[in-house]
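Let's take a walk through this fold, looking at how its helices pack and then at its main pocket.

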Amino acid sequence: MADFRTHLAVASTVSGVIAIGGMVAGLATPREVVLFFGAGTIGGILPDIDSDHTIPVQILFSVLAVALAFMSVFSKADTYSVVELSCLWILVHLFVRHVLYKIFAKFTVHRGIFHSQLAAIFFLFLSAAAAYHMFGLSTVSAWLVGCFVALGYMIHLLLDEIYSVDITGARIKKSFGTALKFASVQEFKTSAALGIATVALFFLATPAVSDFAHTLGSQQTYASLHERFLPKGSWFNIPYGRHVESASQQDGRKSDDALTTGSVKSK
């Protein structure tokens, strides 16, 4: 499988590029770009919450604890006092870092249910619901948070499958097929429970999907992105080669046109 650094690097890079595209398309403010980038990065390491390796899991839960603690503070920044916000940050951080960590370490098996597409869908709905109800994001922004988490999640699963193929040795490792699966057959009861929870989460907790679908399917959303996808003329407005020459030629033609005011025919 891919290591922790690879998951982190690829998920953060892809999430950052797509988040910038969302800003150009008018789907995100600069502040939301950072939020979506963070969501995709967290999603990229989220499947390893069931890892047997201590260090990656501790790093993952440390990142989750800090991110969720700050998101909790941001959602109540206009309501609570400084002391209350500080207490909220500490409580959320300690709960995620220690309580949730111990629960997952006890009840999860590596490459089990959390390494599946069903888990990616579950965390998509969970993230969208949390962003909407707990942190007060708009419907579209909440769904985008969920989509970025799922994007990072799927990148992680895909990388694990790619690394399951040993190209140099022309062989397929035993781990092939254990990551990019829809659900875990070996954990049928757990998969069924997660499936039920995913459906219930979608109908009971996620924000209305109609506004998000309309925004995502609108041609206006992609008009600005299409217009600014590639630079027009030189990159970063740096003149070079033919652009400099053509510009000087155009200036020469303009000067000649300015001097030519007309002609007189002689008999």
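**Helix packing and the largest pocket**

Helix 5 crosses helix 6 in a right-handed sense. Keep in mind as you look that this is a predicted model. The axes of helix 5 and helix 6 sit 7 Å apart, and the packing angle is about 155°. Angles over 145 degrees count as roughly antiparallel, so helix 5 and helix 6 are roughly antiparallel to each other. On the helix 5 side, the residues in contact include Ala 119, Ala 120, Phe 123, Leu 124 and Phe 125, and among their partners in helix 6 are Ala 142, Trp 143, Val 145, Gly 146 and Tyr 153. Sort this contact by class and you get 17 nonpolar, four polar and no charged residues.

Now stay on helix 5 and turn to helix 7, which spans residues 188–204. Here the angle is about 30°, with the axes 9 Å apart. Under 35 degrees counts as roughly parallel, and helix 5 and helix 7 are therefore roughly parallel to each other. Their crossing is left-handed. From helix 5, Leu 118, Ala 119, Ile 121, Phe 122, Phe 125 and Leu 126 take part, meeting a set in helix 7 that includes Ser 191, Leu 194, Gly 195 and Phe 202. Charged residues are absent from this contact too, which has 10 nonpolar and three polar ones. Ala 119 and Phe 125 are worth a second look, since they appear in the contact with helix 6 and in the one with helix 7.

Helix 6 has another partner in helix 1 (residues 4–24), whose axis comes within 9 Å of that of helix 6 and crosses at roughly 140°. That angle makes helix 1 and helix 6 oblique to each other, and the crossing is right-handed. Helix 1 brings in residues including His 7, Val 10, Val 14 and Ile 18, while helix 6 offers, among them, Phe 148, Leu 151, Ile 155, His 156 and Asp 160. The tally for this contact is nine nonpolar, five polar and one charged.

So much for the packing; what about open space? The largest pocket has a volume of about 1,200 Å³. Helices 2 (30–45), 3 (54–75), 4 (82–107), 5 (117–133) and 6 (139–162) each give two or more residues to its lining. In total 38 residues line this pocket, with Ile 42, Ala 67, Leu 68, Met 71 and Phe 135 lying nearest its centre. Which helix supplies the largest share of the lining? Helix 3 does, with 10 residues. By class, the pocket lining divides into 31 nonpolar, five polar and two charged residues.

How values were computed: Residues numbered from 1 in each chain as written. Predicted model: local features only at pLDDT ≥ 70, side-chain atom pairs only at ≥ 80, totals over all residues. Heavy atoms only, no water. 1 Å grid on protein atoms, 1.4 Å probe; cavity = no way out; pocket = protein on both sides within 12 Å on 5 of 7 lines; lining within 4 Å. Points joined across faces, edges and corners; volume = space filled by probe spheres on them. Helix = DSSP H or I, 4+ residues; strand = E, 2+ residues; numbered from the N terminus. Nonpolar A, V, L, I, M, F, W, Y, C, P; charged D, E, K, R; others polar. Axes fitted to C-alpha atoms, helices over the stretch in contact; angles between N-to-C directions. Parallel < 35°, antiparallel > 145°, perpendicular 65-115°, else oblique. Left-handed = near helix turned anticlockwise from the far one by under 90°. Contact = heavy atoms within 4.5 Å.
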